[in-house]
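Student: Could you take me through the salt bridges in this model, and then through some of the strand pairing?
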Amino acid sequence: MATFFVHKAEDDTKVFKLEKPHITLGRRGDNDIVLEDIYVSRAHAAVEKKGVFYYIRDQHSRYGTFVNGTRVTETRLDYGDEIQLGNTVITFVDENKLDQVPTPKKPARLIGTNVDIPAKIESIRNELNEGASADGILKSLGEIENQFKQYRENLVEVEKIKEIASTLCEVGKIINFVFDLNVLLNLLMDLAIKIMQARRGFIMLYDKGSNSLKIKVARNMGGVLDPDKTREISQGIAWQSFKSGKLINTEDATRDPRFMTQESVISYAIGSVVCVPLISKEKERIGVIYLDNPVAQKKFDRDDIEFMLSFANQAAIAIENAQLYEKVKEEERIRERLQRFFSPGVVGEIMSDKRSVTLGGENRTATILFSDIRGFTSLTERIPTVTSVEILNDFLSSMSEEVFNQDGTLDKYIGDCVMAIFGAPVAHPDDALRAIKAALGMKKRVQQLRAQWHDKIDASMLEVFEIGIGIHTGEVIAGNIGSIERMEYTVVGTAVNIASRLESVAKPGQILISRSTYACTKDSIEATKLPPVELKNVSRPVEVFEVTGLLS
């Protein structure tokens, strides 16, 4: 297996097997190989396997990447090659062909050789006392001067790193507590424009449905761009960055062979560009952040690129969290609406199905139940209005519970009447029997309600409080019916009308079912066949059965 031997001065050789096709090297902690060398950039170099060969690519490092003493931008590695990053030397080997670990190597060229300044000053003092020549003293002073220059450069870099870290910390505090996606995207865009001193920018998120990037927010000179005009900005660069999952940077797009022929680059005289992919915690590409400046304005330097890489990582996490929050809130809203009409079990099945809520319907076989209070209108005339409302609420709540106990769907309340569906949107093999069990449960609940209402209604009125129930099984059209602004899940068809007509002819306390419902449940219920009945708007008499109980 291809292997790196990393040699450091006064340190043991460390062994790294190249087990992944893409390896990063640098001082930053998120690299695959972390090099603790102040002359190694935070993201210094990358090694990529292409076929059977490995290639090393410099990542715009400050002090460069050297292979066998030659500075390279990208080159193929051969076994035995010596790579130098900063003052760290790496040997590229095939571990299967080694008898022993190579001895530690010293860098061919030292970067930023340290000078013992106090010792050097003491040496100059001695030389002056001894009357040394001016050339020798000047040489020593030159070494000290170079060392201070190096210290100054390092200090500037450390200050930049500190500034970037501080900025990212503040950004994290802000964006990680914003869960409104639109607010978050606008905030991210404004922060990126301000910190990078960019003239223009946009954030695009990936849409799986259309397999394309959609512009969610854009800025031009601090203003909001017309969404129609964002097509004119270079989406080609954005798509290329998204597809490759890599940052794209150019100092002058009008001179860059990759982009100079693009219409937007020419029209807007786009100069410096940085486009960073947004990658989720699961390593999925979710979008891009794009910034550019005209040719005559500020160019994005190495520190800007370092910042944008870290900024994009934080932004991607924040966006993913906001998207998840929106999804959870939307599911909560949907679940809350569904729980008004469906049992918890049915709600769970609907939510897990993940089918979009659209207008339209489908043919289904379902069992429809209607339950209505007999003489409720005359009852309300004899009791206070508040009491009648309380009674009606108790009644409807109890009837709904019985529907939900059998995993039925509460279609609607029609005054003091309850309409329920068994078999849509979720079907069960015994939906007709479930409807009958719900009806028998409703009858029992009415008896319980009478006992609860003794302190609200006169006993003589309670005696006449009863329900009639009609049930029919047949073909219906089930789906979301209405308009885009207001739609509700329901069923329509002749089967619904027959169930409603059966309920209208049922006597107080009676549960009437049709021949089709009886055929589905006859082995499980006690029922008496009644004479066929004439139903309104039904051409022929309908066979009817009265349910009296369940078979044990």
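**Salt bridges and a sheet**

Tutor: This is a predicted model, and a good place to begin is the salt bridge that D32 forms with K20, where the closest N and O atoms are 2.7 Å apart.

Student: Which parts of the chain does that pair tie together?

Tutor: D32 sits in the loop between β3 (22-26) and β4 (33-34), while K20 sits in the loop between β2 (14-17) and β3, so the pair ties together parts that are 12 residues apart in sequence.

Student: And are D32 and K20 buried or exposed?

Tutor: D32 is partly exposed, with a relative accessible area of 33%, and K20 also counts as partly exposed, at 43% relative accessibility.

Student: OK, what about R219, what does its side chain meet?

Tutor: The side chain of R219 meets that of D190 in a salt bridge, at 2.8 Å from N to O. This pair links distant parts of the chain, since R219 belongs to strand β13 (residues 212-220) and D190 to helix α3 (residues 181-196), with their positions 29 residues apart in sequence.

Student: How accessible are R219 and D190?

Tutor: R219 is buried, its relative accessible area being 6%, whereas D190 counts as partly exposed at 38% relative accessibility.

Student: Where do R450 and E466 lie?

Tutor: Their side chains, those of R450 and E466, meet in a salt bridge at 3.2 Å from N to O. R450 lies in helix α10 (residues 431-452) and E466 in strand β21 (residues 466-482), so this pair ties together parts that are 16 residues apart in sequence.

Student: Buried or exposed, those two, R450 and E466?

Tutor: R450 is buried, with a relative accessible area of 15%, and E466 is buried as well, with 11%.

Student: How many salt bridges does the structure hold?

Tutor: The structure holds 24 salt bridges, and R28, D30 and E306 are linked in a network of them.

Student: Switching topic: what order do the strands of the open sheet take?

Tutor: The open sheet is formed by 5 strands in the order β4-β3-β5-β6-β9, and the pairing is mixed. Its edge strands are β4 and β9 (74-77), each of which pairs on one side only.

Student: How many bridges join β3 to β5?

Tutor: β3 is joined to strand β5 (residues 45-50) by 4 bridges, and the two run antiparallel.

Student: Which residue stands opposite V47?

Tutor: Opposite V47, which is in β5, stands I23.

How values were computed:
Residues are numbered from 1 along each chain as its sequence is written. This is a predicted model: local features need pLDDT of at least 70, side-chain atom pairs count only at pLDDT 80 or more; totals for chains, interfaces and linings use all residues. Side-chain values use heavy atoms; hydrogens and water are left out. A salt bridge is a side-chain nitrogen of Lys or Arg within 4 Å of a carboxyl oxygen of Asp or Glu. Buried means under 20% relative accessible area, exposed over 50%, partly exposed in between (1.4 Å probe, protein chains only). Two strands pair if DSSP finds at least two bridges between them.
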